[in-house]
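The following questions and answers go through a structure and the surroundings of its ligands, one step at a time. Please look at the sequence and the model before reading on.

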Amino acid sequence: MAESTEARKLVYLVTGGCGFLGEHVVRMLLQREPRLLELRVFDLHLGPWLEELKTGPVQVTAIQGDVTQAHEVTAAVAGAHVVIHTAGLVDVFGRASPETIYEVNVQGTKNVIEACVQTGTRFLVYTSSMEVVGPNIKGHPFYRGNEDTPYEAVHSHPYPCSKAQAERLVLEANGREVHGGLPLVTCALRPTGIYGEGHQIMRDFYHQGLRLGGRLFRAIPASVEHGRVYVGNVAWMHVLVARELEQRAALMGGQVYFCYDESPYKSYEDFNMEFLGPCGLRLVESRLLVPYWLLVLLAALNALLQWLLRPLFLYAPLLNPYTLAVANTTFTVSTDKAQRHFGYVPLFSWEDSRTRTIHWVQTMEGSAR
Ligand SMILES: NC(=O)c1ccc[n+]([C@@H]2O[C@H](COP(=O)([O-])OP(=O)(O)OC[C@H]3O[C@@H](n4cnc5c(N)ncnc54)[C@H](O)[C@@H]3O)[C@@H](O)[C@H]2O)c1
Ligand SMILES: CC(C)CCC[C@@H](C)[C@H]1CC[C@H]2[C@@H]3[C@H](O)C=C4C[C@@H](O)CC[C@]4(C)[C@H]3CC[C@]12C
């Protein structure tokens, strides 16, 4: 590598660095941030793959910790220049209680902010979500909207509520004085539905399709558009924001950015078929067999069963009233704010993103090939 070790002086902390997005952020930082001296990877569950990263020029420090424990967070943040806070409890299936979701997503984020303030860390990038905007409980479409598009952001589900609260805390913390007297600079990235290597729900759909003899059944009309963005591009946006936050603090501090790339606008299921189709699955047009009212009924039945069975075991299917509403409401973004503010251009074309994701599905354990 051409850069001298002298240029390496920055310490980054990635919370949730062993999650689906977090792992991509960690790997992207190692590849694309030449000023990195130390990379701290903080997660409740550390991945074994971290070991192989420890042989490179950057010191990779794995920290097993819990964002809900303020002292653990403060210890991890101390001495870091930049914190990328991706840790979160992503649960729209009723696996965790609302209290736990709030504890991790809201209290965990408060702990990260306070740790920055106490220890003098000045730059904080928060992984928010499109869900802080919508789809809202009224099912209003958000069609090719941007960061300034008016939309009634009203939620009732614990996950979007917690993400919205956490995002607000992060943005309000912009400008707070940190230890040493300088201002904290924060911003939030709002990915739409992320896809790519490691995406658990794609894995679930693939295995469900295999169990159903290579078929998936269309539930959502093809006309409902659902925003998707490739994980490599989301990771790249995090790296760029973190890099530019110091130089462009006045412009970027306290701002939100949707994550976007060249992925096509399609329905959730049609989009998944871009990858699952080449892996041998087909989408069966069953909309006449399974009309929407029946899906609503099934989703409600699933919610009831989840509640009834909770004392015995956790019943958490993909279909519930909330996931049905999200999948069945158009929500797509069209914006260039990230390009204007910090020069973001997707690193991976749609073709690359598609090829990489297909390759990942094909090499998945239990795949048809
Ligand atoms: N997956 C998506 O489509 C999507 C879309 C928009 C936003 N997001 C956001 O991106 C972030 C990452 O999501 P993901 O899809 O990679 O989820 P993920 O579950 O794969 O990753 C989250 C990581 O956070 C860690 N974590 C959870 N609780 C923790 C705690 N108490 N302390 C420390 N670490 C903890 C988990 O162990 C996991 O490694 C989340 O904040 C999520 O809200 C995800
Ligand atoms: C109706 C069924 C046949 C299909 C169910 C699909 C459902 C599980 C999918 C559809 C949309 C998905 C969400 C969407 O991509 C965006 C996000 C934002 C992110 O912050 C967390 C994940 C989430 C909520 C996806 C979860 C899975 C959903 C609801």
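Q: How do the residues of the shell around ligand 1 divide into nonpolar, polar and charged?
A: In this predicted model, 25 residues surround ligand 1, and Leu21, Asp43, Asp66, Tyr159 and Lys163 come nearest. Sorted by residue class, the shell divides into 11 nonpolar, 11 polar and three charged residues.

Q: Which elements give two or more residues to the shell around ligand 1?
A: Oxygen atoms of ligand 1 lie 2.6 Å from an N or O atom in the side chain of Asp43 and 2.8 Å from one in the side chain of Lys163, while a backbone N or O atom of Thr86 lies 3.0 Å from an oxygen atom of the ligand. The protein covers 85% of the 820 Å² of accessible area that ligand 1 has on its own. The elements that contribute two or more residues to this shell are α1 (20-32), α4 (158-172) and β8 (193-195).

Q: How much of the accessible area that ligand 2 has on its own does the protein cover?
A: Of the 17 residues around ligand 2, Ser129, Glu131, Tyr159, Gly193 and His226 come nearest. Polar side-chain atoms lie 2.7 Å from an oxygen atom of the ligand in the case of Ser129 and 2.5 Å in the case of Tyr159, and for His226 an N or O atom of the side chain is 2.8 Å from a ligand oxygen atom. Of the 610 Å² of accessible area that ligand 2 has on its own, the protein covers 90%.

Q: Which helix gives the most to the shell around ligand 2?
A: By residue class, the shell around ligand 2 divides into 12 nonpolar, four polar and one charged. The element that gives the most to this shell does so with four residues, and that element is helix α10 (residues 321-327).

Q: Does Ser263 count as buried or exposed?
A: Ser263 sits in the loop between β11 (255-259) and α8 (268-276). Leaving aside neighbours within four places in sequence, Ser263 is in contact with Tyr195, Arg228, Val229, Tyr230, Phe271 and Trp350. Because its relative accessibility is 9%, and the limit for this class is under 20%, Ser263 counts as buried.

Q: With which side chains does the side chain of Ser263 make a polar contact?
A: The C-alpha atoms of Ser263 and Tyr230 are separated by 7.3 Å, although the two residues are 33 residues apart along the chain. The side chain of Ser263 makes polar contacts at 2.7 Å with the side chain of Asp261 and at 2.8 Å with that of Tyr195. The side chains asked for are therefore, with a polar contact being a pair of N or O atoms within 3.5 Å, those of Asp261 and Tyr195.

How values were computed: Residues numbered from 1 in each chain as written. Chains lettered and ligands numbered in written order. Predicted model: local features only at pLDDT ≥ 70, side-chain atom pairs only at ≥ 80, totals over all residues. Heavy atoms only, no water. Near = heavy atom within 4 Å. Polar contact = N/O pair within 3.5 Å; in protein donor to acceptor, adjacent residues only side chain to side chain. Areas by Shrake-Rupley, 256 points an atom, 1.4 Å probe, with all protein chains shown as cover. Nonpolar A, V, L, I, M, F, W, Y, C, P; charged D, E, K, R; others polar. Buried < 20%, exposed > 50% of the residue type's maximum accessible area, 1.4 Å probe, protein only. Contact = heavy atoms within 4.5 Å.
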